[in-house]
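Hi there,

Here is the structure I promised to pass on. Have a look at it first, and my notes follow below.

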Amino acid sequence: MKFFKYVLASLVALVLFCVISMFVMFGIIGSAISAGEETPALVGKHVLELKLNRPIQEQAEDNPLEALEIPGLSDNMPIGLNRILNVISSAKDDANIQAIYLNIDGFSAGAATLTEIRNALEDFKSSGKKVFAYAEVFSQKAYYLASVADHISLHPEGGMELKGLATQIMFYKDFMKKLGVQPQVIRHGKFKSAVEPFMLDKMSEANLKQTTKLLDSVWDSFAKHISKSRNISEIELNEMVEQFVIQSPEDAKKHNLVDALFYKHEFEKLLETELEDSDVAFVKQDEYGKSIQQKYTKDKIAVIYAEGQIISGKSKKGSMGDQTIVKAIRKAKENSHVKAVVLRINSPGGSALASDVMWKELQLLKEEKPLVISMGDLAASGGYYIACLGDKIFAQENTITGSIGVFGLMFEMEELIKDKLDLHIDQYKTHQYADMGTMTRPLSTDERDIIQNSVKRVYGTFTKHVSEGRNISVDSVDAIGQGRVWAGTDALNIGLVDEIGGLPDALAEAAKLASLDMYSVKEYPQAEDDFANMLSGLSGVLMSESAIQSNPWVKKWIESMSTLTQDDKIQARLPFEMEIY
């Protein structure tokens, strides 16, 4: 019966794939037909609706199926932060946009991404226009963003989360011991704790210290902005959080965290009253983005998006490959119209070798053109490796950065193979170290020393690059290094970054360094092929119910194992897998 069950499931999946593929082809044909048609500019009074209910990544991908709204597919397609910032900036000076409506049910993003959008909305408000926010349920991150609004409405039977920040790290030491698998760890830096889940059963003292400092800094940033926007003292806000005072919509209203408890139609009536318009017209961000008449000038500033874990080779979904980024750097360098470059980094690091390949290419670019760094949610380890030589480095208050350290991680499975699986392996080798690093036996003392020397050498190169890029001594770099991570505000104080600010600030600085009054932005690398994006999204839909995808703990463990044991054994990576919630 199980055989027929799996055959039937495979047939259903195949039929589903064929049906969706048919819609795909229609979408691509439709996109091709309309590709040459110019979207007319927006006419008449509108409210810009920012619907932020999908994952947010740095650079938007073009998707020919965007308008089809295939169930499951459109919900999983990421929104580009670059496009969000562009529509907010354009709306600020657009007479056809009266206000912005934040529709943020189900919203989640990294702390620095939140701040980037929040700052853009603050700038929008400087034009005299208002921002309105509505949700049935405000997650903590969604509320942090919504707090910038002039008016916040919450569903009367909805909910609001305000409880502080937490993070959890899963430790695999005892589990792997039961399997008969032993980690072989070589690291330089007491804070370089990516390997600790395989060595310990709880956070080390050093890791606990940096985690405490990091989360406290991120929360302080959240609390400061909420306090200012809602006119509530930080002391009062923290007391509310500590006592878990906000347990109902009425509590949120009572303590001035929201302005009204409205059903959706009541919120829309409010907009009509506030805007003195009995027939408020809404325009969604994607539609409005297409109507924006892009500014083109001869002089350009290139923005190179470096997002995801660092790997050797070409970029893949969720990873940046050194080949892809080097190609983008060279294109920006060789383009005579590009007068300056902004490198936008959102990365936990990864391969130390790939990081150095990109670093060298950036050094060559910097000899010819100004290079400004803009950090997103993460610019850690390998991410900071490629950032350190910027003429100026910008980070948000809650950007996670630093993590100047290196480690190597391998696994040996001698006990699993021999004692638990009763397998036997015989071999012949021509030289003493020919089988060094194999999973069938532990490393010898000499082999550990060899790998430790490699790790130490890479760490020395890393600290030297930071020393030269930041104009501080190697000893000073080592003192703030050792794999330790810092929030943006702390990174500013110790000299790892120059200013607190986002991508618009970095662009302004690049224009200043290049002596540009007028410029347009040229983005690199170019978005992936539309058809490849579609297949990626489609495969995500078909795989969404698999056992691995539906079990977040299993998925996280498999992802950790695969990323930490990639071909490049020596890595400059964020010291631990952290999700702040």
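I began with a lysine in a loop: Lys369 sits between helix H13 (352-366) and strand S15 (371-380). Please keep in mind that this is a predicted model.

What does the side chain of Lys369 have around it, given that it is buried yet has no salt bridge? The nearest side chain of opposite charge belongs to Glu368, and it is 5.8 Å away. Backbone oxygens are within reach, though. A polar atom of the Lys369 side chain lies 2.8 Å from the backbone oxygen of Asn335, and the Lys369 side chain also reaches the backbone oxygen of Val338 at 2.9 Å. Leaving aside residues up to four places away in sequence, Lys369 touches Ala332, Lys333, Glu334, Asn335, Val338, Lys339 and Asp391.

Now to the charged pairs. Side chains of opposite charge can pair when their charged atoms come close. This structure holds 23 salt bridges, and I picked out three for you.

- Arg118 pairs with Glu122, with 3.7 Å between the closest N and O atoms. Both residues are in helix H3 (residues 111-125), four residues apart, which is about one turn of the helix. Arg118 has 2% relative accessibility, so it counts as buried. Glu122, at 35%, counts as partly exposed.
- Lys418 forms a salt bridge with Glu414, and here the closest N and O atoms are 3.2 Å apart. This pair also lies within one helix, H15 (residues 414-420), again four residues apart, or about one turn. Lys418 is partly exposed because its relative accessibility is 43%, and Glu414 is partly exposed at 27%.
- Asp435 forms a salt bridge with Lys429, the closest N and O atoms being 3.0 Å apart. Asp435 has a relative accessibility of 9% and therefore counts as buried, while Lys429 is partly exposed at 33%. Through shared partners, salt bridges join Lys429, Asp435, Arg441 and Glu447 into one network.

Next, the nonpolar interior. The largest nonpolar core has 69 residues, and those with the most contacts inside it are Ile88, Leu121, Phe138, Met160 and Leu257. Apart from that core lies another one of 50 residues, with Ile325, Ala328, Ala354 and Ile386 among them. If you would like a place to start in the 69-residue core, try Met160: not counting residues up to four places away in sequence, Met160 touches Phe138, Tyr143, Leu154, Ile246, Ala252, Leu257 and Val258.

Two helices are also worth a look. How well does the length of helix H7 (residues 205-230) agree with what its 26 residues should span? At 1.5 Å a residue, the expected span is 38 Å, and the end C-alpha atoms are 37 Å apart, so the two agree. Just after H7 comes Asn231, whose phi is positive, near 60°.

The other is helix H4 (residues 140-146), which includes Gln140. Is Gln140 buried or exposed? Its relative accessible area is 4%, and buried means under 20%, so Gln140 is buried. Gln140 and Phe107 are 33 residues apart in sequence, and their C-alpha atoms are 9.5 Å apart in space.

Happy browsing, and do write back with any questions.

Best wishes

Notes: Residues are numbered from 1 along each chain as its sequence is written. This is a predicted model: local features need pLDDT of at least 70, side-chain atom pairs count only at pLDDT 80 or more; totals for chains, interfaces and linings use all residues. Side-chain values use heavy atoms; hydrogens and water are left out. Helices (H or I, at least four residues) and strands (E, at least two) are DSSP runs, numbered from the N terminus. Buried means under 20% relative accessible area, exposed over 50%, partly exposed in between (1.4 Å probe, protein chains only). Lys and Arg count as positive and Asp and Glu as negative; His and the chain ends are not counted. A salt bridge is a side-chain nitrogen of Lys or Arg within 4 Å of a carboxyl oxygen of Asp or Glu. A polar contact is a pair of N or O atoms within 3.5 Å; within protein, one must be able to donate a hydrogen and the other to accept it, and residues adjacent in sequence count only if both atoms are side-chain atoms. Contact means heavy atoms within 4.5 Å. The expected span of a helix is 1.5 Å times one less than its number of residues. A nonpolar core is a set of buried Ala, Val, Leu, Ile, Met, Phe, Trp, Tyr and Cys residues joined through side-chain atoms within 4.5 Å.
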